[in-house]
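Biologist: Hi, could you pull up that model for me? I'd like to chat through it with you.
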Protein chains: 2
Amino acid sequence: MTSRQTEQAEREVSRLLSARGVRFTAARRQVIYALALATGPMAAGELHGTLRGRVPLSSLYRTLAVLEEARVLSKEHDSMGIARYELAESLLGHHHHLVCLTCGEVRDVGIDPPTEDTVVRLVEDIARRAGYRATGHRIDIEGTCASCLTA
Amino acid sequence: MTSRQTEQAEREVSRLLSARGVRFTAARRQVIYALALATGPMAAGELHGTLRGRVPLSSLYRTLAVLEEARVLSKEHDSMGIARYELAESLLGHHHHLVCLTCGEVRDVGIDPPTEDTVVRLVEDIARRAGYRATGHRIDIEGTCASCLTA
DNA sequence: TTCCTTGCAAACGATTTGCATTGGA
DNA sequence: TCCAATGCAAATCGTTTGCAAGGAA
């Protein structure tokens with residue numbers, strides 16, 4: 001995320017939080033910054049490290065829960081079952097994930113609009129036939145990342 | 001899965017296990033049967049219930065680990081971070097998942113071959129551009145299932 | 001006999017929560 | 001002041017593991 005985008009995102013986050021009567025504290029700001037700089041969803045432990053332990057794990061989890069509740073962050077679970085957080089798509093834009101099955105790295109990837117349209121039609125079609133109403137989709141591309149390929 | 005498919009799958013499982021010097025015991029057979037009848041991936045706790053507690057949880061987890069190691073089962077984590085198991089795609093065929101965000105149900109869905117081809121090309125293209133070598137993909141269609149829609 | 005397998009109980013690790021304290025509006 | 005936010009320690013819960021007993025080849 002560029003610093004310009006980060007500024008814009010910060011205003012949006014501030015709005016989302018105050019709409020809930022929730023404060024935009026230092027710890028929350030630091031989590032947002034760390035995630036804005038990340039190239040993919042981060043685990044609580046990774047964030048704790050990135051923040052150099054300045055936010056205790058229990059507080060960090062509470063921070064993440066508050067931000068998720070306010071729809072500032074989204075949460076998912078990686079292949080080890082560990083929770084990973086990233087900025088919500090309303091801030092980061094729609095994207096998918098490249099997952100390295102060797103080292104576990106998860107990286108964001110964009111998808112061009114025409115292809116995304118194709119995917120959306122496909123997804124809604126499948127859902128309809130099964131009696132579901134589709135509200136979203138998630139595509140994980142599993143493979144081996146560049147550095148694991150050469151290693 | 002039809003009973004005919006189940007027979008065939010059972011022979012394949014037997015082969016995969018004996019290739020590893022691993023026995024096809026009663027508990028393992030029961031897990032395979034339960035999963036062959038399931039409409040989507042099951043959590044250990046659900047299997048434990050389906051098997052009416054005949055297999056203690058710790059043994060069940062060991063059974064699942066052995067079967068996964070032998071590539072008879074595949075494991076993933078649902079939106080709560082809980083592990084769910086299903087027959088490997090080599091037995092069940094390639095498919096994707098419909099996820100009901102309301103009740104948590106996960107259901108298998110097939111995808112027609114031409115569309116799947118499109119998806120594969122798309123996925124490999126994205127991976128290549130990021131320096132990854134793609135080995136597979138996973139699509140979760142998130143939405144609301146038929147019974148939650150009417151409820 | 002020789003290993004693989006099982007069951008129980010204890011251990012683990014990520015995450016959550018109770019409670020007393022702190023701090024911002 | 002008042003209530004949200006914080007930090008520590010203890011609790012939770014899905015999952016894993018140590019160990020001794022059971023079972024098939």
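Modeller: Here we go: this is a predicted model, and we can start with chain A before turning to the DNA.

Biologist: Great. How many helices and strands are there in chain A?
Modeller: Chain A has seven helices and six strands. In sequence order they run α-α-β-α-α-β-β-α-β-β-α-β-α.

Biologist: And what does the C-alpha trace of chain A span along its principal axes?
Modeller: About 45 × 45 × 30 Å.

Biologist: What share of chain A is buried?
Modeller: Of its 151 residues, 43% are buried. As for the outside, chain A exposes about 8300 Å², with carbon and sulfur atoms supplying 50% of that area.

Biologist: How about charges in chain A, how far apart are the mean positions of the positive and negative ones?
Modeller: They are 8 Å apart, with 19 positive and 19 negative charges counted.

Biologist: OK, on to the DNA. Which residues come nearest to strand C?
Modeller: There are 16 residues around DNA strand C, and the nearest are A:Y61, A:R62, A:A83, B:R28 and B:R62.

Biologist: Which elements supply at least two residues each to the surface near strand C?
Modeller: From chain A, α4 (57-69) does; from chain B, α2 (26-37) and α4 (57-69) do.

Biologist: Any polar contacts to phosphates or bases of strand C that you'd point out, and which residues make them?
Modeller: A polar backbone atom of A:A83 sits 2.8 Å from a phosphate oxygen of strand C. The side chain of B:S59 has an N or O atom 2.8 Å from a phosphate oxygen of strand C. On the base side, an N or O atom in the side chain of B:R62 is 2.5 Å from a base oxygen of strand C.

Biologist: Now strand D, please. Which residues are closest there?
Modeller: DNA strand D is surrounded by 17 residues, the closest being A:R23, A:R28, A:R62, B:Y61 and B:A83.

Biologist: What part of the strand D atoms within 4 Å of the protein is sugar or phosphate?
Modeller: 58% of those atoms, and the rest belong to bases.

Biologist: Which atoms of B:R62 and A:R23 come up against strand D?
Modeller: For B:R62, a side-chain N or O atom lies 2.8 Å from a base oxygen of strand D. For A:R23, a polar backbone atom is 2.8 Å from a phosphate oxygen of strand D. The elements giving two or more residues to the surface near strand D are α2 (26-37) and α4 of chain A, along with α4 of chain B.

Methods
Residues are numbered from 1 along each chain as its sequence is written. Chains are lettered from A and ligands numbered from 1 in the order in which they are written. This is a predicted model: local features need pLDDT of at least 70, side-chain atom pairs count only at pLDDT 80 or more; totals for chains, interfaces and linings use all residues. Side-chain values use heavy atoms; hydrogens and water are left out. Helices (H or I, at least four residues) and strands (E, at least two) are DSSP runs, numbered from the N terminus. Buried means under 20% relative accessible area, exposed over 50%, partly exposed in between (1.4 Å probe, protein chains only). Accessible areas come from the Shrake-Rupley method with a 1.4 Å probe; for residues, only the protein chains shown count as cover. Lys and Arg count as positive and Asp and Glu as negative; His and the chain ends are not counted. The place of a charge is taken as NZ of Lys, CZ of Arg, CG of Asp or CD of Glu. A residue is near a molecule or strand if one of its heavy atoms lies within 4 Å of it. A polar contact is a pair of N or O atoms within 3.5 Å; within protein, one must be able to donate a hydrogen and the other to accept it, and residues adjacent in sequence count only if both atoms are side-chain atoms.
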